[in-house]
Amino acid sequence: MVSPSVYRILVVAFVALGSMTYGYCSSIVATTLDQPSFVAYFSLDTRPDATQLIGAVSGLFQAGGLFGCLSCLTSADWLGRRRALLITALVTLVGGALQAGSVNIAMFLVFRFVTGLGIGSIVTLVPLYQSEIVPPRIRGFLVGMHGILICTGYSLASWVGLGFYFVNASGAQWRLPLAIQCVPPLLLALGIGFLPESPRWLLDQNRVEEARRAFEAVRADESDADVPDDAVESEFRAMQAQIRSEHAQEHTVMDLFHSAAMRKRCLIGFAVLFGCQGTGTLVINNYGPLLYESLGFSSVAQLLIQCGWISVCPIGNLINSLLVDRVGRTRLLMVGFVGVITALVGECVAMSIFDRTGARSAANAAVFFLFWHIACFSSTSDATSYIYASEIFPTPLRAKGLAVSVSGLFVATIVFLQCGPTAFDAIGWKYYLVFLACSVVVLFFVWFYCPETRQLSLEEISELFGDHAAVIEPEEIEIEAKSS
């Protein structure tokens, strides 16, 4: 019999296949755009609109992601966390398969958008589900697995792309790496039915006994033997009381904006996710080979640097997950933004020197500062942003609030990625100044406006925003449990 603590880790790790799906699907385009056979097949080396099409490849994917995450405003509460995850996994699977089978650029762009629909929903649902099944003491570490698996997907995509660069069969060179993106969502779809439903969602649906069984299946704070039954029951009752209080009113999307406390949550969630992409990380990831080409590196060197750069990310996110419950959410975010600002300043200086002199030392320095950028971001802010946004909303509005928060990620990436090729072509390194300004603004926003949530239960976090902490008498719960 697997203990609850081990079972919980297995559940959190398995559902993070969705996180890996997002990472791989997002990152594989970076090396795909540099594959000679892909460029030749779609005539991107001769078409006059090639720059715009390259921007559209990323822009449409992120636009699909925005619509996908906004679909969670209703799907996660209507269908439940598991069924919503199943549907999004299937959408991503279909989109990835038809990308790999594309016969013209229009078909590729359409199914890049469809894949975006799937990953936008999945990147919202995974931390939502994870945050609702783990205890507060280690919630940061376990939900941080979302960030670790995203970056594992990023890294895997880059190394797969590098390996297939040396494949001589022209179709296989880019089609097979794209087809591999179907594997994680396929596994997730096959296994999602064996996972427990979120006990908080079940309570929100007034399915008390099912919620109790799901809660007991994953609940263990210390060693399992040391957790008394009455402590588990007490925590379950507290959770039930708070959700019952929150559920006393009907909740719609507009409730996110009616009260000052909910508006503050939405602003914080949106700004933190937007700000993390405003550091320029995904721009560097998606257009990395093109950036390294501008520094004079060969095609193989471009892909090697890209692989090395993105491989820093999973290690950084592991460090992030280990630190976030000890250091705190807001403090880590601020440290990360300070580090990113130093990296962007260094990158601007190095690139300006390279543009004037063409010195190899300046090119090497520019690469170093890109590595410093990802090291600072991944070890402090990447996983933290998802953890923080997933825990600040009350249960009846958590899915809707997280959807609004994650929409900030996609709004940022649509703007910055769509503009990327044209901006780098027109103003070069000065495009980094946009990310520098954004990072400075978000640093001060977190410093002055964001409350700390470290090691608080999801119900206790509600009190930070001025919500009433409900209490319900044991006798009342017993009567309610019997009636259910």
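## A helical chain and its cysteines

Cys313 is buried, with just 2% relative accessible area. Keep in mind as you look around that this is a predicted model.

Cys313 has a partner: it forms a disulfide with Cys151, and the two sulfur atoms sit 2.4 Å apart. That bond ties together distant parts of the chain, since Cys151 belongs to helix 8 (residues 145-165), Cys313 belongs to helix 17 (residues 299-327), and 162 residues separate them. In general, a disulfide is a covalent bond between the sulfur atoms of two cysteines. How many disulfides does a search of the whole structure find? The count is 1.

So what about cysteines outside that pair? Cys266 is in no disulfide; its nearest cysteine sulfur belongs to Cys69 and lies 12 Å away. Is Cys266 buried or exposed? With 5% relative accessibility, it counts as buried, because the cut-off is under 20%. Cys450 is in no disulfide either, and here the nearest cysteine sulfur is that of Cys276, at 10 Å. Cys450 has 10% relative accessibility, so it falls under the 20% cut-off and is buried too.

Here are the four cysteines whose accessibility is given, side by side:

| Cysteine | Relative accessibility | Status |
|---|---|---|
| Cys151 | 0% | buried |
| Cys313 | 2% | buried |
| Cys266 | 5% | buried |
| Cys450 | 10% | buried |

Now zoom out to the chain as a whole. What secondary structure does the protein chain have? You'll find 24 helices and 0 strands. The radius of gyration is 23 Å, close to the 23 Å that the globule rule gives for 484 residues, so the chain is as compact as a globular protein of that length. Along the principal axes, the C-alpha atoms fill a box of roughly 75 × 45 × 40 Å.

The inside gets plenty of residues: 61% of the 484 count as buried. Contacts reach far along the sequence, too. Take those between residues at least 6 apart in sequence, and 84% of them join residues at least 24 apart. The Cys151–Cys313 disulfide is itself a link between distant parts of the chain.

And the outside? The protein chain exposes about 18000 Å², with carbon and sulfur atoms supplying 67% of that area. As for charge, the chain carries 29 positive and 38 negative charges, and the mean positions of the two sets are 4 Å apart.

Note on methods. Residues are numbered from 1 along each chain as its sequence is written. This is a predicted model: local features need pLDDT of at least 70, side-chain atom pairs count only at pLDDT 80 or more; totals for chains, interfaces and linings use all residues. Side-chain values use heavy atoms; hydrogens and water are left out. A disulfide is a pair of cysteine sulfur atoms within 2.5 Å. Helices (H or I, at least four residues) and strands (E, at least two) are DSSP runs, numbered from the N terminus. Buried means under 20% relative accessible area, exposed over 50%, partly exposed in between (1.4 Å probe, protein chains only). The radius of gyration is taken over C-alpha atoms; the globule rule is 2.2 Å times the number of residues to the power 0.38. Contact means heavy atoms within 4.5 Å. Accessible areas come from the Shrake-Rupley method with a 1.4 Å probe; for residues, only the protein chains shown count as cover. Lys and Arg count as positive and Asp and Glu as negative; His and the chain ends are not counted. The place of a charge is taken as NZ of Lys, CZ of Arg, CG of Asp or CD of Glu.
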